[in-house]
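Colleague: I am new to this one, and I would like to understand the words you use for it. Could you show it to me and take me through them?

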Amino acid sequence: MNPIVRAVLASSLFVSSVCFAQGAEINMQVDVDDQDMPAARIQVKASGQDGQDGATVKVRGGGAMMDVRVTGGMTTTETRTETRTETNTEYVAPVRERERERAPSHGSRDCGTGTDEGCNTRRDGQFPMDASTWRGFYQSLKSEPNEIVREEKAGKMLKRVYLTAAQFGMVLDLFPNEITRLDVAREAAPHVVDPQHALGFSSKWRNSISGSEYTDLITE
């Protein structure tokens, strides 16, 4: 039962008992408002033997407050009834925060080759080239028209940087001459962070002997 309704009923019974004790007839009107702020007002007009008003009861806001005034020598009586409401609040992290907690710390690495399984792999404690370094390195080789000069530039860079199998395959494709390509592979193989993903590149050599030599290089 609603707390304000209980308070109204209790107040009504109290007034009825008072008026009965005074030998009075009562005429009671009850208004209850239980929307935003629960409140109620009870107006009682009691006619005793002398015809005087008997009692007034008010119930209001958040619980109940009862003021009773009775004529005929009765003292004023005030009764309060407290109603408490407890609210439990549970913190829920924002969606972005929850996603940030689940995301791996290295998930933002980009090696410039799309979805690249080797991008988050280390070799000798080193990560492969990130997207910015890779684009500069690759464009420098690609823009060099002389294959011999291109090989020299690749050799110098590949001694300092590490690369993924995907990056490695793109470098090999820049050298049409199979002998030169094998020399580049020899320079780069020790710095490929995921060599197991580069085993299939042996098919880049039509010469089976060169292909076999490449396989030995990449599996060392």
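Modeller: Gladly! Buried means under 20% relative accessible area, exposed over 50%, and partly exposed in between, with a 1.4 Å probe and protein chains only. By that rule, 33% of the 220 residues of the protein chain count as buried. This is a predicted model, where local features need pLDDT of at least 70 and side-chain atom pairs count only at pLDDT 80 or more, while totals for chains, interfaces and linings use all residues. Residues are numbered from 1 along each chain as its sequence is written, and side-chain values use heavy atoms, leaving out hydrogens and water.

Colleague: What makes K204 and D173 a salt bridge?

Modeller: A salt bridge needs a side-chain nitrogen of Lys or Arg within 4 Å of a carboxyl oxygen of Asp or Glu. The closest N and O atoms of K204 and D173 are 2.7 Å apart, so the pair qualifies. K204 sits in the loop between α6 and α7 and D173 in the loop between α5 and α6, 31 residues apart. Helices here are DSSP runs of H or I with at least four residues, strands are runs of E with at least two, and both are numbered from the N terminus.

Colleague: Why is D173 called exposed, and K204 partly exposed?

Modeller: D173 has 52% relative accessibility, which is over 50%, so D173 counts as exposed. K204 has 22%, between the two limits, and is therefore partly exposed.

Colleague: How do you know that E144 has no salt bridge?

Modeller: The nearest side chain of opposite charge, K153, is 4.2 Å away, and the limit is 4 Å, so the pair does not count. For charge, Lys and Arg are positive and Asp and Glu negative, with His and the chain ends not counted. E144 is also buried, and lies in the loop between α3 (131–142) and α4 (147–158).

Colleague: What joins D183, R186 and E213 into one network?

Modeller: Shared partners do. D183 and R186 form a salt bridge, with closest N and O atoms 2.8 Å apart, and both lie in helix α6. R186 also forms a salt bridge with E213, at 2.6 Å. That second pair links helix α6 to helix α7, across 27 residues. Salt bridges that share partners thus make D183, R186 and E213 one network.

Colleague: Why is E213 called partly exposed?

Modeller: E213 has 33% relative accessibility, which falls between 20% and 50%, so the term fits.
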